[in-house]
Amino acid sequence: MPDTPVCQPRRHVRPLRLSVLATLLQSALVSAQQAIDAPLLLQNSPLLHETIAPEVRGSLPSFVSGEHITGRPDLETVVEGQAMLRRGDMVIKADRLEYNQPTDLAKARGHVRVNRAGNVYEGPLLELRLDTFEGFFNEPTYHFLSNQAHGQADRVDFLDEQRAVIHNATFTTCQRLPGPSWMPDWILKASTITLDNEENVGTATGALLSFKGVPLLPVPYLSFPLSEQRKSGVLPPTIGLDNVNGSEVSVPYYWNIAPNRDATITPTLMSKRGINIGTEFRYLEPKYSGEVQLDWMPADKLRDANRWGLNLKHQASLDSAWTNNGAALNLSLNRVSDDNYWRDFSLANSSLTQRLLANDASLSWNNGAWANSVRTLKWQTLQDVTAPIVPPYDRLPQLSTSYARNNVAGFNYAFNADYTRFQSDITRTGQANGQRSFGVLQASYPLTAPAGFLTPRVQLHASQYQFETPLSNGDTSASRVLPTFSLDSGLVFERDTQLFGRNLRQTLEPRAFYVHTPYRDQSHLPNYDSGANDFNLATIYTENAYVGNDRISDSNLLTLGVTTRWLDPATGAETARLGMAQRLRFSDQNVTLPGELPAEDRLSDLLLGGSVHWDPRWSFDGTVQFNPKTERSVRSTLSVNYKPGPYRTLSAAYRYQRNSSEQIDFGWQWPINDLWGDKGQNLGPGKGQGDGRWYSVGRLNYSMNERKLVNALVGFEYDASCWLGRIVLERLQTSTSTATQRIMFQLEFVGFTRLGVNPLKSLKDNIPGYQILREPGESPSRFSNYD
């Protein structure tokens with residue numbers, strides 16, 4: 001029967017009640033005034049919850065509406081004509097709706113539509129127990145909110161609130177288009193699909209994945225994610241091809257052990273080598289975390305040997321009452337089976353495909369102004385008979401401590417001490433192993449003001465060596481003590497100006513840096529860890545020309561430089577910068593590294609550097625090292641980046657070093673559709689720019705000296721909205737005469753799975769500013785699909 005409005009008689013309010021109401025109103029006004037005076041605080045509202053707790057769901061009221069409602073109180077309700085039942089996050093609509101209250105059973109017939117937390121089912125017949133969400137749906141179509149997947153089936157059995165079984169089902173994320181002849185680009189058909197929303201896992205039996213009407217992957221059993229959360233199961237196989245390993249087929253298995261632990265086991269069949277078992281284990285705890293990667297090839301047919309590679313990383317925080325905030329433990333282990341591993345598996349884990357593998361363990365802690373550490377470092381050096389390298393020194397062990405205090409009566413004090421035992425292969429290093437104790441004490445008195453600064457500093461270096469075998473002069477020990485004095489000064493001038501019609505604030509910052517270190521003969525000392533500082537606009541203002549502690553350069557030189565910057569006066573952002581610096585040497589430098597020539601020129605090379613960020617889309621950077629004697633550049637680096645919008649980035653770099661190398665580097669990601677005027681849509685980060693769009697991606701590194709490509713990465717991506725296609729060719733130079741090449745082809749079925757070799761890591765690592773066409777985002781709210 002139709003709803004009938006009920007008229008109620010007016011009731012008069014007595015004077016007593018009026019006085020009570022006036023008192024309450026006055027109290028409310030006072031409270032309101034106090035609330036206005038107090039700051040407003042945002043609080044969570046209990047009205048709208050993304051999820052409804054099970055203990056709350058059973059107590060929620062049910063609301064029914066329709067053209068005709070009949071029934072018996074506390075027994076049954078029948079609604080006909082635009083019938084609707086609403087409870088919590090579930091809405092049932094139908095032509096006819098029956099609800100039996102004692103059994104909590106709802107029956108709906110005719111144009112039935114169920115919306116539960118944004119997931120929609122539609123069909124002719126539904127029977128459902130509302131509290132437990134048990135029942136069935138005949139001949140439904142469905143649409144899932146989390147991944148926008150949809151399909152149809154003969155029947156859906158709802159097992160409970162989180163689980164359902166779909167019979168003779170289809171599944172796709174391709175958007176439904178009008179017309180009876182529409183077919184999705186890809187579709188999964190299965191005899192049964194089981195959905196587990198608690199584990200966010202879907203499983204299909206008797207499944208067949210078709211692409212463009214072509215059966216692609218028939219599988220008896222398949223699992224797939226219902227969200228971006230992790231799940232255990234067999235991942236899609238990957239197929240690859242390169243000129244070293246031949247054809248490759250990998251079938252990974254992912255094991256979601258716990259919310260803070262997981263593992264991936266990847267057996268790979270290589271046609272030229274055999275079977276490789278790759279494993280990765282990750283863990284995360286409140287006090288420690290890490291990961292372990294192990295690759296094992298029992299019998300490599302090309303090398304006729306067992307091959308393996310191990311990479312371990314571990315970080316931990318240890319509680320200690322003797323330190324400020326406990327101690328930090330860091331472990332890094334990298335080991336491989338043989339010297340050829342880096343060449344044969346150059347496209348595997350990057351930490352295991354280099355020739356110097358560090359095995360490092362350190363423990364560090366702070367005590368007030370003291371910082372302390374204990375470290376052991378052992379290298380595995382992979383030798384090549386055609387290009388041997390000198391192995392670095394192991395540190396077994398290294399003990400370090402430092403002390404720093406600032407602004408003590410205007411002075412800054414610092415002390416650093418280090419003891420290290422150096423070990424290596426003396427037949428390759430050509431010098432004795434030994435122990436070194438090193439300490440440096442320094443004090444400075446910085447004077448700062450808005451218009452500039454002046455910082456005098458004194459340092460005292462002291463070193464003591466003990467050698468396992470005598471030096472060439474017969475000594476088994478050596479010592480060195482050296483003082484250093486430096487004076488750093490600078491001024492800052494500012495003015496408001498205009499450039500190309502833009503209001504800017506320009507600075508002029510001259511700087512002078514003087515350093516003096518007397519000469520001490522160090523040619524008889526071994527070189528365990530020292531190397532020349534890179535000559536640039538930062539290191540030109542340092543006291544020592546070397547890094548490490550085995551060489552302290554004698555210096556009597558003055559560095560003069562000037563920098564000018566153009567700043568946005570409103571934000572302080574730097575829009576452009578130009579700088580130059582040069583050293584004036586008053587005496588020859590006599591301390592050198594083995595094989596290095598001493599610096600004798602009174603004027604050093606002139607350094608020029610600058611950057612321009614005038615427009616957010618453009619950025620320019622460049623440095624030039626110019627020799628005033630020859631009037632030619634010694635080294636130059638120029639780079640430009642252009643990024644006008646999403647998925648559009650161009651970068652180019654030129655690197656030149658006289659008598660050594662000259663290279664051009666060019667990287668890009670760009671929509672090819674721009675060529676015919678299709679600029680796409682701005683759908684937001686990680687969503688692409690619309691379907692039917694092609695993207696070109698790549699990076700080329702060309703050696704002008706050798707007139708050939710050194711490394712190359714070139715490919716195309718295609719975005720069809722519900723699927724993505726990628727094909728990438730990668731060439732990686734492994735030596736002067738050999739290179740590894742491979743083709744990576746991948747089909748990504750959006751919201752479902754990926755097939756093929758994944759090139760995304762290579763694209764992200766090599767192309768500056770590269771953006772992935774589909775990136776995981778937050779799960780959509782159930783209120784975004786609310787009835």
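This report describes aromatic pairing, charges placed over rings, and the surroundings of one aspartate in a predicted model.

Aromatic contacts are considered first. The structure contains 30 aromatic pairs. In one of them, the ring centres of phenylalanine 211 and tryptophan 723 are 4.8 Å apart and the ring planes meet at 85°, so this pair is classed as edge-to-face, the class that applies to planes over 60 degrees apart. The pair connects distant parts of the chain, since phenylalanine 211 belongs to strand β13 (residues 201–211) and tryptophan 723 to strand β45 (residues 723–733), with the two positions 512 residues apart. Phenylalanine 211 counts as buried at a relative accessibility of 14%, and tryptophan 723 is likewise buried, with a relative accessible area of 9%. Both residues are members of one aromatic cluster, in which they are joined by Phe171, Trp186, Trp694, Tyr718, Phe749 and Phe752.

Arginine side chains also lie over aromatic rings, as the following table sets out for two cases.

| Arginine | Aromatic residue | Distance to ring centre |
|---|---|---|
| Arginine 116 | Phenylalanine 133 | 4.5 Å |
| Arginine 511 | Tyrosine 541 | 3.9 Å |

The remaining site is centred on aspartate 344, which is found in helix α3 (residues 341–344). Aspartate 344 has a relative accessible area of 5% and is therefore buried, the limit for that class being under 20%. Its side chain is joined to the side chain of arginine 303 by a polar contact of 2.8 Å. When residues up to four places away in sequence are left out, aspartate 344 touches Arg303 together with Val244, Asn245, Arg273 and Arg307.

Conventions:
Residues numbered from 1 in each chain as written. Predicted model: local features only at pLDDT ≥ 70, side-chain atom pairs only at ≥ 80, totals over all residues. Heavy atoms only, no water. Phe/Tyr/Trp six-rings, centres within 6.5 Å; stacked < 30°, edge-to-face > 60°. Helix = DSSP H or I, 4+ residues; strand = E, 2+ residues; numbered from the N terminus. Buried < 20%, exposed > 50% of the residue type's maximum accessible area, 1.4 Å probe, protein only. Lys NZ or Arg CZ within 6 Å of the ring centre and 35° of its normal. Polar contact = N/O pair within 3.5 Å; in protein donor to acceptor, adjacent residues only side chain to side chain. Contact = heavy atoms within 4.5 Å.
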